[in-house]
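Work through these exercises with the model open beside you. Try each task before reading its solution.

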Amino acid sequence: MTCSDSAELRYDWTVSEIEALYTLPLPELIFRAQTMHRRFHNPAEVQGCTLLSIKTGGCPEDCAYCPQSAHYQTGVARHGLLSVADTLTAATQAKAQGATRFCMGAAWRDAPQGKEFEQVLEMVRGVRALGLEACCTLGMLTPEQAQALADAGLTAYNHNLDTSPEFYGEIISTRTYDERLTTLAHVRKAGVTICSGGIIGLGETRTDRYALLQQLATQHPHPESVPINLLVKVAGTPLAEQPETDVLEMVRMIATARLLMPTSMVRLSAGRLSLSDEAQALCFLAGANSIFMGDKLLTTPNPEADRDQTLLGKLGLHLRPGAELAAAQGNR
Ligand code: SAM
Ligand code: DTB
Ligand code: SF4
């Protein structure tokens with residue numbers, strides 16, 4: 001990115017400006033988003049990320065969408081912290097399947113102190129040693145924990161804002177929006193990049209989506225990574241019977257995120273099993289440039305690897321090469 005490009009980035013977006021973009025005629029919105037996308041990213045390239053649930057279920061938080069909350073009976077089997085060896089085996093497989101980012105998720109309210117945290121640091125060092133980007137999502141962090149993760153080489157910390165400040169209390173009662181923002185500030189201060197986005201389909205209004213996007217796009221710098229999730233409805237959670245969300249809302253959300261945060265990775269995250277190939281193609285046209293690969297997200301299903309290979313092949317898109325391959329290609 002050149003200085004003149006970065007000078008164009010804005011951090012003062014108003015809700016009415018965001019609404020004006022989100023509600024553009026769809027072809028115009030996609031055209032503008034794709035034009036912006038091409039200024040900062042390779043339009044034929046998609047980053048593959050792989051998720052691993054390193055600690056599953058039994059979470060004390062009550063996030064209404066989440067199969068891992070201890071407040072709901074969802075049938076998700078609880079599992080304590082995985083070993084470093086098992087985690088690195090999964091990371092090695094992810095790399096072999098073309099992923100360049102490995103994301104480790106733990107169903108904790110806040111990251112623990114002591115031995116378990118040391119184990120996570122060891123995982124981060126191991127993932128980085130494989131040449132992969134390492135991302136963690138462990139709940140709330142203290143400034144010291146954020147620094148320790150930075151020192152271990154963590155690339156990114158995922159901590160979603162999920163929805164608007166106004167609607168947040170309808171979805172989660174066990175923590176506040178401000179607590180979320182505080183952890184993000186600790187992560188930023190430690191020099192780890194931020195992965196923060198949200199979910200659509202929770203019963204929020206479009207205005208809630210504009211407000212979420214405003215929260216993200218007024219951070220300075222913007223989150224380097226913005227995952228946009230479509231609710232995966234899980235039996236036993238309060239949102240199990242939520243009405244279907246029009247997939248074009250996902251496209252509008254991605255396109256608007258791309259326009260507001262041009263240099264960020266916009267990740268087409270949970271919910272791809274509800275999207276046709278055509279809907280996913282529209283998401284890529286709208287500026288999404290990353291997907292989660294592999295047949296499982298954290299606890300819910302995701303498209304099989306061969307279906308994704310076929311989809312990317314049909315669209316003429318390719319996975320972003322890993323650092324080793326990119327260096328080899330550069331040396332040719
Ligand atoms: N406990 C950590 C936290 O909340 O930050 C990390 C794990 S949590 C599963 C990470 C994100 O996954 C949530 O913030 C939410 O946006 C997304 N997520 C969880 N359940 C989902 C579902 N059923 N459908 C779509 N996205 C979901
Ligand atoms: C994000 O925004 N989505 C991913 C990742 N960040 C950690 C998680 C999606 C989880 C979907 C529900 C599940 O599989 O448990
Ligand atoms: Fe816990 Fe995260 Fe699920 Fe909320 S989203 S219940 S914090 S694992």
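Ala, Val, Leu, Ile, Met, Phe, Trp, Tyr, Cys and Pro count here as nonpolar, Asp, Glu, Lys and Arg as charged, and the others, Gly among them, as polar. The model is predicted: local features need pLDDT of at least 70, side-chain atom pairs count only at pLDDT 80 or more, and totals for chains, interfaces and linings use all residues. Residues are numbered from 1 along each chain as its sequence is written, chains are lettered from A and ligands numbered from 1 in the order in which they are written, and side-chain values use heavy atoms, with hydrogens and water left out.

**Exercise 1. Describe the shell and contacts of ligand 1**.

Step 1: find the neighbours. A residue is near a molecule if one of its heavy atoms lies within 4 Å of it. Ligand 1 has 17 residues around it, and T137, N160, D162, R180 and V232 come nearest.

Step 2: sort them by class. The shell of ligand 1 splits into ten nonpolar, five polar and two charged residues.

Step 3: look for polar contacts. Such a contact is a pair of N or O atoms within 3.5 Å; within protein, one must be able to donate a hydrogen and the other to accept it, and residues adjacent in sequence count only if both atoms are side-chain atoms. D162 places a polar side-chain atom 2.7 Å from an oxygen atom of ligand 1. A side-chain N or O atom of R180 is 2.8 Å from an oxygen atom of ligand 1. Y65 uses its backbone: an N or O atom there lies 3.0 Å from a nitrogen atom of ligand 1.

Step 4: check the cover. Accessible areas come from the Shrake-Rupley method with a 1.4 Å probe; for residues, only the protein chains shown count as cover. On its own, ligand 1 has 550 Å² of accessible area, and the protein covers 90% of it.

**Exercise 2. Inspect the backbone at D162**.

Step 1: locate the residue. D162 is in the loop between β4 (156-158) and α7 (165-171). Helices (H or I, at least four residues) and strands (E, at least two) are DSSP runs, numbered from the N terminus.

Step 2: read phi. The phi of D162 is positive, about 70 degrees, although D162 is not a glycine.

Step 3: recall the ligand. D162 also has the 2.7 Å side-chain contact with ligand 1.

**Exercise 3. Repeat the analysis for ligand 2**.

Step 1: list the shell. Among the residues around ligand 2 are L51, P67, T137, N158, N160, N229 and L298.

Step 2: class the shell. It has six nonpolar, six polar and no charged residues.

Step 3: find the contacts. The side chain of N160 has a polar atom 2.8 Å from an oxygen atom of ligand 2. An N or O atom in the N229 side chain is 2.8 Å from an oxygen atom of ligand 2. L298 contributes a polar backbone atom, 3.0 Å from an oxygen atom of ligand 2.

Step 4: check the cover. Ligand 2 taken alone exposes 410 Å², and the protein buries 88% of that.

**Exercise 4. Which residues surround ligand 3**?

Step 1: list them. They are C59, E61, C63, Y65, C66, S69, A107 and R175.

Step 2: class them. Five are nonpolar, one is polar and two are charged.

**Exercise 5. Place the ligands in the largest cavity**.

Step 1: define the space. On a 1 Å grid over the protein atoms alone, a cavity is a set of points where a 1.4 Å probe fits but cannot get out, and a pocket is an open set with protein on both sides within 12 Å along at least five of seven lines; lining residues have an atom within 4 Å of a point. Grid points are joined across faces, edges and corners, and a volume is the space filled by probe spheres set on the points.

Step 2: count and size. There is one cavity of 30 Å³ or more. The largest cavity holds about 870 Å³ of space.

Step 3: read the lining. The largest cavity has 43 lining residues, with Y65, C66, N158, N160 and L298 nearest its centre. They divide into 24 nonpolar, 13 polar and six charged.

Step 4: assign the ligands. A molecule sits in a cavity if more than half of its atoms lie within 2 Å of its grid points. Ligand 1 sits in the largest cavity. Ligand 2 sits there, and the space taken by ligand 3 is the largest cavity too.
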